[in-house]
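Here are some notes on the model, written as numbered points. Please read them with the structure open.

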Amino acid sequence: MVEPLKKNGIIERKGPVVLVIMDGVGFGKYKEGDAVASAVTKNLDKFYESCPWTKLKAHGTAVGLPSDADMGNSEVGHNAMGCGRVFSQGAKLVAQSIEEGKMFEGETWKKLVKNVKDNGSTLHFIGLLSDGNVHSHINNLKAMVVEAKKEGVKKVRVHALLDGRDVGEMSALDYFDPFAQFLAELSSDGSFDAKIASGGGRMVITMDRYNANWDMVKKGWETHVLGEGRTFASAHEAIETLRKETGAIDQDLPPFVIAENGKPVGTIEDGDSVILFNFRGDRALEITKAFEAKDLKEFDRKRVPNVEYAGMMEYDGDLHVPHQYLVSPPAIDRTLAEYLCKSGVRQFSISETQKFGHVTYFFNGNKSGKFDENLEEYVEIPSDIVPFEERPWMKCADITDRVIKEVEEGKWDFIKLNYPNGDMVGHTGVYEAVVCSMEAMDLQLGRLRNAIEKAGGVMIITADHGNADDMYEHGKDGSVKTKANGDPKAKTSHSLNPVPCIIYDPEYKEEYSKTLNEGLGISSIAATCMNFLGFDAPADYDKSVINFN
């Protein structure tokens with residue numbers, strides 16, 4: 001039950017409280033490869049010199065992941081910031097469900113297995129083949145394939161997307177080769193037939209999000225479902241060949257289909273069952289819609305097989321997508337936005353397409369839509385459909401233009417925005433582009449500072465996880481790993497590094513200590529925002545970074 005918040009001792013400011021989320025910007029562990037530290041960021045430097053700030057944990061158990069070896073990500077990071085507490089997240093929930101056998105006792109698993117056994121048809125798995133544990137984990141897939149054989153399924157096909165983003169940029173064969181061998185060994189007794197059927201880079205096919213580029217989903221459908229496209233005898237051959245021909249890193253490799261005797265080995269047909277084994281929702285919704293929608297306007301599916309389809313989790317709790325899923329998602333309630341609406345606080349949320357859902361859907365506890373139409377406004381700035389390294393400034397200036405306009409008009413009490421630069425450009429592995437992205441974002445921080453100072457507001461600057469701060473692969477001794485030509489090996493995944501929490505309060509009236517609390521996680525952002533809006537946080541929220549005098 002959400003009740004209006006109680007007032008605290010903050011003297012009301014003239015202007016709004018503005019939460020700035022610098023996506024993918026942390027404190028690097030190593031000097032070499034830290035694009036945040038290498039960039040010329042005069043505005044950010046000034047904040048550190050003149051404002052209270054502290055470091056926050058943004059990975060592992062601090063954001064509900066299984067262990068502190070797990071990197072944070074934008075989904076769980078925004079969940080934590082928006083709900084003010086730590087909930088067990090998809091990676092942990094799925095691993096527990098498999099380990100305890102609950103997934104295989106569930107009605108959805110039983111239904112999909114029975115379907116293929118009754119029809120003598122195929123069980124298909126679609127998803128990201130790595131151990132990044134951000135969207136999926138290869139061990140979950142292996143456990144499901146083993147269980148399928150145990151339960152009498154005769155034929156399994158895997159449509160495997162290359163990662164190179166949450167793991168090493170050229171690490172695909174470290175997963176594909178052993179996995180292909182794993183399937184071959186399971187199939188060696190002649191009673192079971194399991195193969196990789198198709199694949200492609202995650203940033204080229206299937207895993208689009210926020211309706212940014214439906215052509216990716218179209219390519220995925222043609223590849224996985226229809227078996228259309230360039231064919232190869234094995235995934236190994238496809239990956240090696242496409243790397244040589246394109247020079248692309250794994251996440252950007254073109255799609256491929258595995259064929260035998262000129263025929264695709266794993267098209268999806270009537271009577272089959274299909275499991276999308278990714279547990280994270282943002283890049284699962286569009287391919288799910290392609291399977292579930294009666295009428296799809298975004299592209300011509302050509303052929304729509306009648307299948308039993310399920311997701312690893314429920315990807316959207318409000319829209320109840322997909323219709324069937326294997327593991328229940330975290331039940332996140334009583335979020336910051338909901339409390340603020342109940343307390344009459346006017347709120348404005350903005351980002352470009354690539355992170356719009358994070359600053360709305362994920363921040364609101366995996367909830368689509370608004371809590372109060374009269375008190376909230378969401379604005380999405382359309383992202384450019386170009387490689388991020390070619391336009392590393394992205395839409396940070398456009399976002400800032402709109403935020404400054406809203407600050408000047410004085411309509412909102414609380415404004416939150418996400419600059420995607422550090423994360424989206426960070427994932428490309430192109431160091432110079434990441435430095436450029438940081439410098440572009442820094443210019444916007446200076447513009448925001450001027451607007452907030454003029455309005456008499458407060459700015460809280462933080463991040464959801466690290467990325468741009470850790471752009472090179474390092475050995476155990478801290479040395480930079482290099483390629484054959486001597487260049488540093490690019491690191492395209494998130495880091496385990498802490499992130500900042502900076503308080504810019506030009507109207508400071510000594511109600512709180514400028515010595516901020518240490519050792520907290522990003523879940524403390526919610527209580528901090530509530531405090532600056534003049535409220536005490538709920539008793540079970542993780543504590544604020546500030547202490548009142």
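**Notes on a helix pair and two cavities**

1. Helix H3 crosses helix H13 in a right-handed sense. This is a predicted model, and the points below should be read with that in mind. H3 covers residues 74–83 and H13 covers residues 353–362. Their axes lie 9 Å apart and meet at an angle of about 35 degrees.

2. Which residues make the contact between H3 and H13? On the H3 side they are Ser-74, Glu-75, His-78 and Asn-79. H13 brings Lys-355, His-358, Val-359 and Phe-362. Sorted by class, this contact holds 4 polar, 2 nonpolar and 2 charged residues.

3. Turning to enclosed space, a search of the whole structure gives 2 cavities of 30 Å³ or more. The largest cavity holds about 80 Å³ of space, and the second largest about 60 Å³.

4. The lining of the largest cavity consists of 14 residues. Nearest its centre are His-135, Arg-202, Arg-209, Arg-280 and His-427. Of the residues in this lining, 8 are charged, 4 are polar and 2 are nonpolar.

5. What lines the second largest cavity? Its lining is made up of Glu-352, Ser-383, Asp-384, Val-386, Phe-388, Arg-391, Met-394 and Lys-395. By class, this lining has 4 charged, 3 nonpolar and 1 polar residues. Ser-383 is one of the residues to find when checking this site on the model.

Definitions and conventions. Residues are numbered from 1 along each chain as its sequence is written. This is a predicted model: local features need pLDDT of at least 70, side-chain atom pairs count only at pLDDT 80 or more; totals for chains, interfaces and linings use all residues. Side-chain values use heavy atoms; hydrogens and water are left out. Axes are lines fitted to C-alpha atoms, for helices over the stretch in contact, and angles run from 0 to 180 degrees between N-to-C directions. Helices (H or I, at least four residues) and strands (E, at least two) are DSSP runs, numbered from the N terminus. A crossing is left-handed if the near helix is turned anticlockwise from the far one by less than a right angle, and right-handed if clockwise. Contact means heavy atoms within 4.5 Å. Ala, Val, Leu, Ile, Met, Phe, Trp, Tyr, Cys and Pro count as nonpolar, Asp, Glu, Lys and Arg as charged, and the others, Gly among them, as polar. On a 1 Å grid over the protein atoms alone, a cavity is a set of points where a 1.4 Å probe fits but cannot get out, and a pocket is an open set with protein on both sides within 12 Å along at least five of seven lines; lining residues have an atom within 4 Å of a point. Grid points are joined across faces, edges and corners, and a volume is the space filled by probe spheres set on the points.
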